[in-house]
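Visitor: I am new to reading protein models. Could you take me through this one step by step?

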Amino acid sequence: MSGWAQRMHRGAATLSNVVTSCGHTSVPYPTRMEKVKFGVPLDQVCKHDIPGPLLILILKLNKEGPYKKDVFRAPGHQGNMKKLIHFLQHGRLVNIDNFSVYTIASVLKKFLRKLPGGIFGPENEEALFDIIDVDGLEEKRDRIHRLITSLPVVAQHLLVLLFGTFRAISNCAQKAQTGMTSEAIGVSVAPSFFQSCVSDGKMARMEDVVRFKVSFLGFN
């Protein structure tokens with residue numbers, strides 16, 4: 001784990017105590033958290049770095065998701081999704097343990113899908129797709145690495161957390177019998193990553209899954 005990721009995990013552990021103990025009145029805690037806006041560019045969501053509440057969602061998925069069946073395929077509870085999104089957008093304190101990982105996964109996919117231009121941006125997304133036709137695994141990996149490191153730092157941080165979580169889930173798919181192989185994650189998550197897929201009706205095609213898996217190379 002990189003030094004940055006380790007610092008984020010340590011910071012999240014402290015933040016998690018605040019987020020999950022919002023009903024405990026014997027110790028001071030903030031009345032508001034950072035807001036997580038939906039439908040705005042990533043640099044407006046992450047003005048300094050990934051907002052604490054968004055980080056907590058990803059870390060909960062990273063911890064519990066590998067052992068949950070169909071975590072990115074099964075839909076979250078619609079009512080709880082609306083409630084969680086409302087809390088995130090208004091900076092409200094929330095006990096994250098009150099929400100299932102399925103609800104959290106659905107909210108995270110919706111957040112990604114609402115990013116204008118996607119997490120990569122139209123030009124980088126198209127460049128990523130072009131890499132699919134490049135011969136040689138090492139050449140593909142090098143080009144993906146260069147593309148990802150050209151992104152804004154906050155986008156890189158978010159991708160590290162997301163792909164680390166996807167990898168943890170796919171690595172446990174067979175042992176835990178969750179069904180969430182890399183192909184299954186690709187089918188479920190590609191529409192949230194790629195704007196071209198969203199414009200086609202939010203249904204992932206095989207080429208979208210291939211694109212997702214190619215981008216995954218940059219983190220392995």
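Visitor: With which residue does the side chain of arginine 73 meet in a salt bridge?
Guide: This is a predicted model, in which local features need pLDDT of at least 70 and side-chain atom pairs count only at pLDDT 80 or more, while totals for chains, interfaces and linings use all residues. Residues are numbered from 1 along each chain as its sequence is written, and side-chain values use heavy atoms, with hydrogens and water left out. A salt bridge here is a side-chain nitrogen of Lys or Arg within 4 Å of a carboxyl oxygen of Asp or Glu. For arginine 73, the N to O distance is 2.6 Å, and the partner is aspartate 70.

Visitor: Where does aspartate 70 lie?
Guide: Helices are DSSP runs (H or I, at least four residues), strands likewise (E, at least two), numbered from the N terminus. Aspartate 70 is not a glycine, yet has a positive phi of about 55°. Its place is the loop between H3 and H4.

Visitor: How many helices are there in the protein?
Guide: From the N terminus on, each element in the run is an α. The count of strands is zero, and the count of helices is twelve.

Visitor: How many salt bridges does the rule give?
Guide: Side chains of opposite charge can pair when their charged atoms come close. One such pair is lysine 60 with aspartate 97, at 3.6 Å from N to O. Lys60 and Asp97 also belong to a network of salt bridges with Glu64. By the rule, the count is four.

Visitor: Is lysine 60 buried or exposed?
Guide: Buried means under 20% relative accessible area, exposed over 50%, and partly exposed in between (1.4 Å probe, protein chains only). Aspartate 97, at 54%, is exposed. Lysine 60 has a relative accessible area of 10%, so it is buried.

Visitor: In which helix do glutamate 139 and arginine 143 both lie?
Guide: These two form a salt bridge, with the closest N and O atoms 2.8 Å apart. Glutamate 139 is partly exposed at 31%, and arginine 143 is partly exposed at 37%. They are four residues apart, about one turn of the helix, and that helix is H7.

Visitor: Which side chain of opposite charge is nearest to lysine 140?
Guide: Lys and Arg count as positive and Asp and Glu as negative; His and the chain ends are not counted. Lysine 140 is found in helix H7. A polar atom of its side chain lies 3.2 Å from the backbone oxygen of isoleucine 132. Lysine 140 is buried yet has no salt bridge, and at 6.8 Å the nearest side chain of opposite charge is aspartate 135.

Visitor: Is aspartate 135 buried or exposed?
Guide: Aspartate 135 sits in the loop between helix H6 (122-131) and helix H7 (137-149). With 69% relative accessibility, aspartate 135 is exposed.

Visitor: How many residues of helix H10 are buried?
Guide: Across the 220 residues of the protein, 47% count as buried. In H10 (residues 182-193), the buried residues include Ile185, Val189 and Phe193. The helix is largely enclosed by the rest of the structure, because of its twelve residues the number buried is nine.

Technical notes: A polar contact is a pair of N or O atoms within 3.5 Å; within protein, one must be able to donate a hydrogen and the other to accept it, and residues adjacent in sequence count only if both atoms are side-chain atoms.
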